[in-house]
Amino acid sequence: PIDGRNPGTLAGLHTDEEYGHPAGEVNFFLPVTPHTYDTNSLFVEGDAMRGDFKPFELRYGEMMMWNGNSCRHCSPRNVSNRTRISYDFRVIAGSEWIDPPKKKGYFQLGSYYMDANSV
């Protein structure tokens, strides 16, 4: 079951909001292996708290944009015979950025986030 308590689960069931990520953040999943499916993929629910978990089934060159801030997700133990290698990243528009409280200092501009205009 996809409940975040499976033995060998890499990332337990969670939303990014639970870890202090800002609300305007958008997630991207970009596999660089030929095909992601079943347990060699990321399991995500379709809408927040719906519980309809499915793996992202993508082929090389495809990318998924999704809302990890409110949709629960996890990486179950991979019992397939295929390894997954992927870039999993987040972006937030500058117009959506609000400085987080200092207690969530990890998600400050210049540490976790980088301003693309300053590159």
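Q: Is Y87 buried or exposed in this predicted model?
A: The model is a predicted one. A residue counts as exposed when its relative accessible area is over 50%. Y87 has a relative accessibility of 53%, so Y87 is exposed.

Q: In which strand is Y87 found?
A: The strands are numbered from the N terminus. Counted in this way, the strand that holds Y87 is β9.

Q: What is the accessible area of the nonpolar surface patch that V32, Y60, M63, I85, Y87, F89 and V91 form?
A: Y87, whose relative accessibility is 53%, belongs to a nonpolar patch on the surface. The other members of this patch are V32, Y60, M63, I85, F89 and V91. Together, these residues have an accessible area of about 700 Å².

Q: Which strands stand at the edges of the open sheet with the order β7-β2-β9?
A: This open sheet has three strands, paired in the antiparallel sense. An edge strand has a single partner, so one side of it is left without a neighbour in the sheet. That description fits two strands, β7 and β9.

Q: By how many degrees are neighbouring strands of the sheet β7-β2-β9 turned against each other on average?
A: The sheet has three strands with antiparallel pairing. With direction ignored, its neighbouring strands are turned against each other by an average of 20 degrees.

Q: How many bridges join β2 to β7?
A: The two strands run antiparallel. F29 has M64 in β7 as its bridge partner. The number of bridges that join β2 to β7 is three.

Q: Which residue of β9 stands opposite V26?
A: β2 and β9 pair over six bridges, in the antiparallel sense. The residue of β9 opposite V26 is V91.

Q: How far apart in sequence are the parts tied together by the salt bridge between D16 and R90?
A: The closest N and O atoms of D16 and R90 are 2.8 Å apart, and the two residues form a salt bridge. D16 lies in the loop between β1 and β2, whereas R90 lies in strand β9, so the pair ties together parts whose separation in sequence is 74 residues.

Q: Which of D16 and R90 is buried, and which is partly exposed?
A: Buried means under 20% relative accessible area. R90 has a relative accessible area of 27% and is partly exposed. At 1% relative accessibility, the buried residue is D16.

Q: How far apart in sequence are the parts tied together by R72 and E45?
A: R72 and E45 form a salt bridge, with 2.9 Å between their closest N and O atoms. R72 lies in the loop between β7 and β8 and E45 in the loop between β4 and β5, so the pair ties together parts separated in sequence by 27 residues.

Q: With which residue does D52 form a salt bridge?
A: D52 is partly exposed, its relative accessible area being 24%. The closest N and O atoms of the pair are 3.1 Å apart, and the partner of D52 is R50.

Q: Which residues are joined into one network by salt bridges that share partners?
A: Side chains of opposite charge can pair when their charged atoms come close. Among the pairs here is D52 with R50. The network made by shared partners consists of D16, E25 and R90.

Q: How many disulfides does a search of the whole structure find?
A: C71 is buried, with a relative accessible area of 7%. C74 is also buried, at 1%. A disulfide needs a pair of cysteine sulfur atoms within 2.5 Å. Across the whole structure, the number of disulfides found is zero.

Terms used:
Residues are numbered from 1 along each chain as its sequence is written. This is a predicted model: local features need pLDDT of at least 70, side-chain atom pairs count only at pLDDT 80 or more; totals for chains, interfaces and linings use all residues. Side-chain values use heavy atoms; hydrogens and water are left out. A salt bridge is a side-chain nitrogen of Lys or Arg within 4 Å of a carboxyl oxygen of Asp or Glu. Helices (H or I, at least four residues) and strands (E, at least two) are DSSP runs, numbered from the N terminus. Buried means under 20% relative accessible area, exposed over 50%, partly exposed in between (1.4 Å probe, protein chains only). Patches are made of residues with over 30% relative accessible area and no salt bridge: like charges are joined within 9 Å, nonpolar side chains (Val, Leu, Ile, Met, Phe, Trp, Tyr) within 5 Å. Accessible areas come from the Shrake-Rupley method with a 1.4 Å probe; for residues, only the protein chains shown count as cover. Two strands pair if DSSP finds at least two bridges between them. Axes are lines fitted to C-alpha atoms, for helices over the stretch in contact, and angles run from 0 to 180 degrees between N-to-C directions.
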